Amino acid sequence: MRYLPKSPAEREEMLAAIGVKSVEELFSTIPEAYRLKMPLNLPPAMSEAEVIDYFQQRASENSVGYTSYLGAGVYNHLRSVVTDTILQRGEFLTSYTPYQAEISQGTLQAIFEFQTLMCQLTGQEVANASMYDGSTATTEAVLMAERLTNRRRVLVARSVHPEYRDVLKTYAKNSGLHVEEIGYTAAGTLDAKGLEASLKDDVCALVVQSPNFFGAIETLRPLAEAAHRSGALLVVAVTEAVSLGILKPPSEADIVAMEGQSFGLAPSYGGPFVGVIASREKFVRQMPGRLAGQTTDLERRRGFVLTLATREQHIRREKATSNICTNQALCALAATVHLTLLGKEGLRELAEQNLSKAQFALQELQKIPGVKRTFSTPFFNEFTVELPRSVKMVNAQLLKEKIIGPFVLGSAYSELTKHALVCVTETTPRSEIERFAAALKHTLEQPL
Amino acid sequence: MSKHLNRALRHIVLNEGLIFEKSSPGKRAFDLPPLDVPAADPRKALGESHRREGVDGFPEVSEIEVLRHFTRLSTWNYAIDLGMYPLGSCTMKYNPRVNEYVARLAGIATEHPYQPQELSQGCLKVLQLLEKCLLEITGMDVVTLQPAAGAQGELTGLLLIRAYHEKHGNPRKRVLIPDSAHGTNPATAVIAGYEVQNIKSDAAGQIDMAHLREHVTSDVAALMLTNPSTLGIFEQQIPEISEILHAQGALLYMDGANMNALTGVTRPGDLGVDVMHLNLHKTFSTPHGGGGPGAGPVAMKKILEPYLPVPVLVEREGGRLALDSHRKESIGKVKAFNGNFGVLVRALAYILAYGPGIRQATEDAVLNANYIRKGLEGIFDLPYTRPSMHEVVFSDAVQKRNGVNTMDIAKRLIDYGFHPYTTAFPLIVPGALMIEPTESESQQECDLFIDAMKSIAEEAKATPELVKTAPHNTRIRRLDEVGAARKPVLRWKPAEKQSKAAD
């Protein structure tokens, strides 16, 4: 087998050195009755070419050749080949968590830079590296708020990503946390009245997303003030991180939970992505996950180490802030390289392009009789429109034109079956947007 | 000593500052295609109160500077690609490059989790085949691929167990965890709403059965057992342990972190395990990447199937695959979307390359561990002498007499051109040296490692200071970890702000 660096003679020599006659003897502690007598029933071994062929065949059964208007937490953005070139350097790809700092300075410094970039983006003072994704980061942010406030109720906006809310509910169920949802207004933003009624002095966190799941940008200041009046913390989830290139950072938040997929990571059918928690310095000891810190060596040279490990499971066991161990380090590196490539100007321009494309798409769609914008609140690169008929049926027609239609809001909000969440990024050419609008118009003109 | 240092010589390693220190306004490393729609005015589109002028402090550098920056950083890392990485319990094996290639294919990397399922049949077939392979390897009935890593797999497993007990009237109170377990086990049990009860190991490193019997009551939800244990020892009593638990209605959870010792040789499902997780970034070779991403599928017996996290992969008539989210008794979702799909792709590529021959990898891994054990026995203290599986755990008891501890030996190993083994774990071995070579090392590499360890043992006797102050050949010496934790500096700040903070 090509991955195994031993000849049959070497195996024999090693067995002899150990003092056993056969390799079977090495497994003698496994009771005989439980040892497999037959080879596993797996597909026959494949050469490299066959492995590639297998996956190319699978790839051809997917959506190649379609244009998509899906966002809803996973975004298609340009990625530089430089990012992937760096990621595939074996020194990054094939190293472990940097516990041995002297021979892991590359990873450690990159993590430190990642933490810095995340603080700059979010307007927060500390950022960890990293959480599994935005959904678990949001959940861990709530658990962190629970520890900080010692309160057990959490208010979550219904305009937070439905799957993020699902994950929060899964984790909350057994940790004595009570999750309550707050509705949205006709403008698509958090219902302040509903909030006022629910925000009591037993609430640990108010969780909102901005831009929210409908694409609407929330005004955070009054939400932070309301939360703080009752002693709760404001947790802000960000699913489309590129928006921070043009939107005020959520510095009013006490904890920011972000999905970093937009920074250099492919959609990859839903993962691996990278979650981040950013917060205030005073809360750092309740933060979950890895942190790299700057320090010096014996000769006073600058270096970096994993620090504040007394929060973590390998030291604290059942008293740890989280059970997370393996995280998404390489994805965090991808985000670091990607953001370094974009730089200050590149990120701003990227965000502006997304904004412009989405504005253009909305204008084009609004020209179609019966298509209406659902919410009037400003948006970034995603917006909600109401169609004169079920989005599901419309999307089925669009597929015939090799267009993957927008997210069907009715699948998560039963009151919004005729509403679609349209996402347009810098990767969608004008001609495609126009083709989409024409196809939609045509579809809606057909009798039901 | 010098003979062994031949493996590693010093060479030029470039210094490199933080990227922020190289920034100069106006430089850029990325160009976008020109905007082909009218430019929106952010002031109008967003409103002045939402708009931001640009991110303060973001770097402004050119493409060559970015490439050099990260390339230079990379040269400061040790990696499997450079040599043996014998971190016990971490299974640092070769990461085949074809796996990276296929995970990046158009049609694989490009797919959106919400795209229509009829346009995702390729992705779903990948998931289905991986499920089948993992079930065959573990001897289980059902598997979920959703958990993002081992610790999340543990949580998923315990939530399944909890749901099962709830269905039978009572979620129960406690989870039993051996004293040799990974730290994630107790941390996970708490998140799943359970109290942790530690179970002692006996003098041979196995579960103390009398102690176990005493603690298995109708309040116990499950035992979390790592097998082989973190001592690298196969828990022989596992069928009996399973019976003791089942007699009280409790379930047996297996932490599959060490599955590299068992693949193709024995199957947890046959041994009486009810539910287990696998670390695809260990046994199934997906790259650690400096700390992830991983994937932690959970395989289980039929009794736990009703509670699977959603969505569940199902086969409809005509062989069409679909994701089913309508399951009343599900524990819910532990992660958004469909698991770390890109990691799952790599794991399947690994399994396909081996086929049934995957047993050879297991055999070689166990062979290497025992070869190293034989080579170092008598030089380092071996606190548990039962036969080793994929890893061997020594202690620093002999070297301690000269004031040299396991961390010192580990740091000195760096000078010899190896990544250290796992230090000071498992907790039941004071001063542990936990060595897991994996199957990816040749006899020559194992010999060099044995020689290096012997040489360090000599040094510990003759020149203990040399070992205690190691490493000597790295670009940076031992770092002040206490200072780092006392006054944490967790991000870069521009110079003037830093000096202000110091005032």
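In the predicted model, Thr422(B) faces Met434(B), a residue of strand S12 of chain B. This pair belongs to the contact between S11(B) and S12(B), two strands that run antiparallel and are joined by 2 bridges. On the other pairing, S10(B) meets S12(B), residues 432-435, again in the antiparallel sense, here over 4 bridges. Within that ladder, Val392(B) stands opposite Ile435(B) of S12(B).

Taken together, these strands make up an open sheet of 3 strands in chain B, with the order S10-S12-S11 and antiparallel pairing. The edges are held by S10, residues 392-395, and S11, residues 422-423, each of which pairs on one side only. A closer look at S12(B) is rewarding, since the environment of its side chains can be followed residue by residue. In a regular strand the side chains alternate between the two faces of the sheet. Here, Ala432(B) and Met434(B) lie on one side of S12(B), Leu433(B) and Ile435(B) lie on the other, and all of these residues are buried, leaving both faces of the strand covered. Met434(B), the partner of Thr422(B), is thus also one of the buried residues of S12(B).

Chain A offers a sheet of its own. Its 4 strands form an open, antiparallel arrangement in the order S11-S12-S15-S14. S11 (372-373) and S14 (407-408) of chain A each have a single partner strand, so one side of each is left without a neighbour in the sheet. At one of these edges, S11(A) pairs with S12(A), residues 382-386, in the antiparallel sense over 2 bridges. Arg373(A) has Val385(A) of S12(A) as its bridge partner. A helix accompanies this sheet: H12 of chain A, spanning residues 329-366, lies across S11, S12 and S15 (419-423) of the chain. The helix runs at about 10 degrees to S12(A).

Returning to chain B, the wider organisation can be described in terms of domains. The chain is divided into domain 1, residues 101-356, and domain 2, residues 358-482. Their C-alpha centres lie 30 Å apart. The two domains of chain B touch through 22 residues of domain 1 and 20 residues of domain 2. On the domain 1 side, the residues that touch domain 2 comprise 11 nonpolar, 10 polar and 1 charged.

Key:
Residues numbered from 1 in each chain as written. Chains lettered and ligands numbered in written order. Predicted model: local features only at pLDDT ≥ 70, side-chain atom pairs only at ≥ 80, totals over all residues. Pairing = 2+ DSSP bridges. Contact = placed C-beta atoms within 7 Å. Axes fitted to C-alpha atoms, helices over the stretch in contact; angles between N-to-C directions. Buried ≥ 20, exposed ≤ 12 C-beta atoms within 10 Å, placed from the backbone. Domains from an automatic or database assignment. Nonpolar A, V, L, I, M, F, W, Y, C, P; charged D, E, K, R; others polar.
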